[in-house]
Amino acid sequence: MYTQIHTAIGPLGVARSEKGLCAIRLDGNAAALKQELARRFPGAELVRDQAGLAGMAALVTRWLAEPAPGPLPPLDLGGTDFQRRVWRAIARVPRGEVISYTELARRAGNPRAVRAAAQACGANPVPLLVPCHRVVRSDGSLGGFGGGLPMKRKLLSREGVDIA
């Protein structure tokens with residue numbers, strides 16, 4: 001199931017599989033979300049269902065609004081072992097803090113895999129719940145972000161982080 005929700009940061013695309021939340025699109029493009037889901041879950045029946053995702057939508061909205069929104073919901077992320085280690089490391093970065101890609105690679109268990117850690121950020125299917133916007137370059141600059149640098153800056157600003 002997938003749908004589009006409206007939040008304080010703009011429209012988001014949200015999707016859930018049988019295992020849990022599997023995608024958040026920061027641009028809210030439902031058609032692009034459906035294409036992404038078809039690629040990740042070949043053969044799955046993709047149904048747009050606003051009512052069926054109301055609970056998940058409320059949870060995502062709460063994660064945006066609350067400083068301590070509670071534990072993560074069930075997630076269906078896929079990914080390699082290293083990507084999952086990177087995502088777990090990112091999920092432990094507190095609101096209002098940032099770490100470098102170098103530090104992220106170290107926390108994920110492979111300090112030399114800085115590029116792979118950055119690529120795992122780019123492959124993150126749920127960028128609000130696994131907050132890859134909290135990862136910056138070693139020089140403190142923003143680096144990349146799947147939702148675009150203005151969105152990364154907006155998310156960090158909402159958490160009290162001012163990055164030039």
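1. Buried here means under 20% relative accessible area. By that cut-off Glu 36 is buried, because its relative accessible area is 15%. Keep the threshold in mind for the points below. The model is predicted.

2. Start with the salt bridge of Glu 36. Its partner is Arg 40, and the side chains meet at 4.0 Å, N to O. Both residues sit in helix H1, which spans residues 30-40. They are four residues apart, so about one helical turn separates them. Arg 40 is partly exposed, at 23% relative accessible area. Glu 36, at 15%, is buried. The pair does not stand alone: Arg 25, Asp 27, Glu 36 and Arg 40 are linked in a network of salt bridges.

3. How many salt bridges are there? The count comes to seven. Side chains of opposite charge can pair when their charged atoms come close. Two further examples follow.

4. In helix H3, Asp 81 and Arg 84 form a salt bridge at 2.4 Å, N to O. They are three residues apart in the helix, so they too are separated by about one helical turn. Asp 81 is exposed, with a relative accessible area of 52%. Arg 84 is partly exposed, at 31%.

5. Arg 134 and Glu 159 also meet in a salt bridge, at 2.9 Å, N to O. This pair links distant parts of the chain, with the two positions 25 residues apart in numbering. Arg 134 lies in the loop between H5 and strand S5 (135-136). Glu 159 lies in the segment after helix H6 (149-158). Buried or exposed, for Arg 134? Arg 134 is buried, with a relative accessible area of 6%. Glu 159 counts as buried as well, at 17%.

6. His 133 is in that loop between H5 and S5. At 2% relative accessibility, His 133 counts as buried. Beyond its sequence neighbours within four places, His 133 is in contact with Pro 127, Phe 145, Lys 152, Leu 155, Leu 156 and Glu 159. Glu 159 is the salt-bridge partner of Arg 134.

7. Pro 127 belongs to the loop between H5 and S5 too. Pro 127 is buried, at 8% relative accessible area. Setting aside residues up to four places away, Pro 127 touches Ile 24, Leu 26, Cys 132, His 133 and Phe 145. Pro 127 and Thr 3 are 124 residues apart in sequence, and their C-alpha atoms are 16 Å apart in space.

8. Now the helix packing. The axes of H3 (residues 81-91) and H5 (residues 114-123) come within 9 Å and cross at roughly 80°. H3 and H5 are therefore roughly perpendicular to each other. H3 contributes Phe 82, Gln 83, Val 86, Trp 87 and Ile 90 to the contact. H5 contributes Ala 116, Ala 117, Ala 120, Cys 121 and Ala 123. By class, the contact has nine nonpolar residues, one polar and no charged ones.

9. In soluble globular proteins, nonpolar side chains tend to be buried together. In this model the largest nonpolar core has 39 residues. Which members touch the most others? They are Leu 12, Leu 21, Ile 24, Val 86, Ile 90, Leu 104 and Leu 128. At least two core residues come from each of S2, strand S3 (21-25), helix H2 (54-65), H3, helix H4 (101-107), H5 and H6. H2 supplies the largest share, six residues. A second, separate core of seven residues includes Tyr 2, Ala 23, Ala 30 and Leu 37.

10. Two members of the largest core deserve a look. Leu 12 sits in strand S2 (residues 10-16). Leu 12 counts as buried, at 0% relative accessibility. Outside its sequence neighbours within four places, its contacts include Thr 3, Ile 5, Ile 24, Arg 25, Leu 26, Val 60, Leu 64 and Leu 128. Arg 25 is also part of the salt-bridge network. The C-alpha atoms of Leu 12 and Pro 73 are separated by 17 Å, with the residues 61 apart along the chain.

11. Leu 104 is the other. Leaving aside neighbours within four places in sequence, Leu 104 is in contact with Val 86, Ala 89, Ile 90, Ile 99, Ala 117, Cys 121 and Val 135. Among these, Val 86 and Ile 90 belong to the H3 side of the H3-H5 contact, and Ala 117 and Cys 121 to the H5 side.

How values were computed. Residues numbered from 1 in each chain as written. Predicted model: local features only at pLDDT ≥ 70, side-chain atom pairs only at ≥ 80, totals over all residues. Heavy atoms only, no water. Buried < 20%, exposed > 50% of the residue type's maximum accessible area, 1.4 Å probe, protein only. Contact = heavy atoms within 4.5 Å. Axes fitted to C-alpha atoms, helices over the stretch in contact; angles between N-to-C directions. Parallel < 35°, antiparallel > 145°, perpendicular 65-115°, else oblique. Nonpolar A, V, L, I, M, F, W, Y, C, P; charged D, E, K, R; others polar. Core = buried A, V, L, I, M, F, W, Y, C linked by side-chain atoms within 4.5 Å.
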